Each structure stands twice: as structure tokens, then as C-alpha cells.
Amino acid sequence: MPAPLALPRVGMGTWHMGESRGRRAEEVAALTLGLDLGLGLIDTAEMYGEGGAEEVVGAALRGRRDEAFVVSKFYPHHASRAQLFAACEASLARLGIDTIDLYLYHWRGGVPLAQTVAALEELVAAGRIRRWGVSNFDVDDLEELVSVPGGTHVAANQVLYNLARRGIEFDLVPWCRERGIALMAYSPLDEGPLAHHPKLAALAREVGVTPAQLAIAWASRHACAIPKASTPEHVRANRAALDLKLDAQVLAKLDRLFPPPRAKQRLEVI
Ligand code: NAP
């Protein structure tokens, strides 16, 4: 059995990067600054900018591959044995690296899980990926996954998790914790609005941070939070959130503003 994956509490997202040539230099600079500051995990996907985001990540990684843990994802229509190897090679080429640290099944499609897991295990054996995981899998999907041969090797599940979407705390968080499956929290700012939420902003002022930093520090209690930032100010603020420890009083106030789930909720997906 591979060891549980230890991920940093905060990394960098890249959705919507690589979509425009005109913004490329700014995006590479944001990721480069993040690496300079010690944000050592970058999350991307073949879907983002149809390969453009992986190229941006590749440019940021040039000459400093060892400073980052690289996560990428494949489309459900590449999840068959016939498609997955080519998809992985194309991602590696765009990223300009020899091995993807964590390769995620972006969301579940129609290919039998046993086939996808077998192909992922082959990619591990071939050294093209170090570990594999899933994204947008709810508990029932994970139960099915761990029942197929090799399925218990799943290293991580990347899901929507932020103050406004706490459903996973009811069942998915404990389920993954009991099995040593790492959680990654995508859209920790709910795609931006939490950075401007008036009540969150008032509490953030009391703590002496920004609402975005409070939201990121909060999401990173249970998971590796991967905010996407394309300005130097946002990158610096998000790096600082990594050092923020929230005390019991602040957590209780956040629970009053954003109540935890009291029953099972279906996993939300963006
Ligand atoms: P997000 O990180 O919640 O929010 C991004 C937005 O917040 C951007 O508009 C960004 O602005 C802004 N922002 C970032 N840092 C800020 C700060 N310190 N203060 C104020 N505003 C700030 O949303 P997301 O991009 O949807 O999610 C993050 C990452 O998760 C994605 O990039 C992607 O890697 C991953 N993801 C995965 C899935 C999946 O299905 N697996 C789905 C969605 C996302 P600027 O860009 O102007 O800095």
C-alpha cells in the first residue's frame, strides 16, 4: 500500500489561466512569485485553456522543477486505457516535465473505474506519474472506487470546499480521513465572492487579515486549499494565509456566519 500523501495546506490553482496570449506573462509571473514565496504545489488540468494552463505552468517551472509538486487532471473522455497514455504524454510535454506528481481523474465519466485504475497504475509503474487520485467524487463513488483492483491506491480527492459550501464535512471529510486519502479544496474563495463578503470582511478586520485570507486559512484546516491568483498582491496575500492559525473563538464565529451541515448533502460541483 503506498503511504498517505502529505500535501501542503495551501497551493496555487490555474483555472482560466492560459486562455489568452496577452495575459500569459502576468500568469507565469504570478506562479513564479508563488514558487519564490514557497507555495510549492500547483494545480492544473488538460482542460484549463485546452492545454494553455499547463503551458503556463511549464513556463513557471523552467529550471526549478524540484520546487513544485505538480497536480494535473485528465478529462473523462480520456479515462479509457486507449486514451489515457496519450493524454498523459501530452500533459507532460506541455508541462515540460518527466513525471506528474499527482494525476487526477477530473470528474467521473462512463469508463469502468477498474479500467481507468489499471491504466493509472501502469502510468505509475512507467514513472510517468508518481501518484493518482480523483476529483468531484462523492462517498458513493469512492466506495465503488476502492472496491476495484488497485482502487485503494487512490491518493487524493479534489472537491469544492469553502465557507459557503461545507457539505463535505458531514461525510466525505471523515470518510477520507479514516482511509488516509488527502483532500484538496478547490474554489476556496467560491470563485471570488468570499473575498468581498461583507460579514466575513467584518470578522477579518477583527482578526487583522483580509476576508480572502480568512477563507483560505479556514478551508486549509481539512484540505490543501488551492486558490487561483493572477496578481502579485493576491499571491502574497494567499501565501500569508498559510501562516494564519485560527483560534477556537474565530472558528465559532465562522460557524455562526456559515453553519456546518446537519445532514448528508450531495457533493456540489462547479
Ligand atoms: P477561487 O480560487 O475560489 O477564486 C479565484 C478568484 O479569486 C479569482 O478571481 C482571483 O482573482 C480571486 N482571488 C485570489 N486570491 C485573492 C485574494 N487574496 N484576495 C482577493 N481575491 C483573490 O476559484 P477557482 O479558480 O475556481 O478555484 C481555485 C482552483 O481550484 C482553480 O484555479 C483550479 O486549479 C481548481 N479547480 C478545480 C476544479 C475541479 O473540478 N477539480 C473546479 C474548479 C477549480 P485574480 O485571478 O485576479 O487574482
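**Exercise 1. How much space lies in the largest cavity, and which residues line it?**

Solution.
Step 1: The largest cavity holds about 70 Å³ of space. The model is predicted.
Step 2: List the lining. Asp-138, Leu-160, Arg-165, Arg-166, Gly-167, Ile-168, Asp-171, Lys-264, Gln-265, Arg-266, Leu-267 and Glu-268 line the largest cavity.
Step 3: Sort the lining by class. Seven residues are charged, three nonpolar and two polar.

**Exercise 2. What is the class make-up of the lining of the second largest cavity?**

Solution.
Step 1: Start with the count. Three cavities reach 30 Å³ or more.
Step 2: Take the volume. The second largest cavity has about 50 Å³ of space.
Step 3: Read the lining. Among its residues are Met-12, Met-17, Leu-31, Leu-39, Pro-227 and Val-235.
Step 4: Classify. The lining has seven nonpolar residues, three polar and no charged.

**Exercise 3. Where does the ligand sit, and which residues are the closest?**

Solution.
Step 1: Locate the ligand. The ligand sits in the largest pocket.
Step 2: Count the shell. It has 28 residues, the closest being Trp-15, Asp-43, Leu-189, Ser-230 and His-234.
Step 3: Split the shell by class. Twelve residues are polar, eleven nonpolar and five charged.
Step 4: Find the main contributor. Helix α9 (residues 232-241) gives the most, with three residues.

**Exercise 4. Which polar atoms of Ser-230, Glu-191 and Tyr-48 lie within 3.5 Å of the ligand?**

Solution.
Step 1: Ser-230 places a polar side-chain atom 2.5 Å from a ligand oxygen.
Step 2: Glu-191 uses a backbone N or O atom, 3.0 Å from an oxygen atom of the ligand.
Step 3: Tyr-48 has a polar side-chain atom 3.4 Å from a ligand nitrogen.
Step 4: Check the burial. Alone, the ligand exposes 910 Å², and the protein buries 88% of that.

How values were computed: Residues numbered from 1 in each chain as written. Predicted model: local features only at pLDDT ≥ 70, side-chain atom pairs only at ≥ 80, totals over all residues. Heavy atoms only, no water. Near = heavy atom within 4 Å. Polar contact = N/O pair within 3.5 Å; in protein donor to acceptor, adjacent residues only side chain to side chain. Areas by Shrake-Rupley, 256 points an atom, 1.4 Å probe, with all protein chains shown as cover. 1 Å grid on protein atoms, 1.4 Å probe; cavity = no way out; pocket = protein on both sides within 12 Å on 5 of 7 lines; lining within 4 Å. Sits in = over half its atoms within 2 Å of the grid points. Helix = DSSP H or I, 4+ residues; strand = E, 2+ residues; numbered from the N terminus. Nonpolar A, V, L, I, M, F, W, Y, C, P; charged D, E, K, R; others polar. Points joined across faces, edges and corners; volume = space filled by probe spheres on them.
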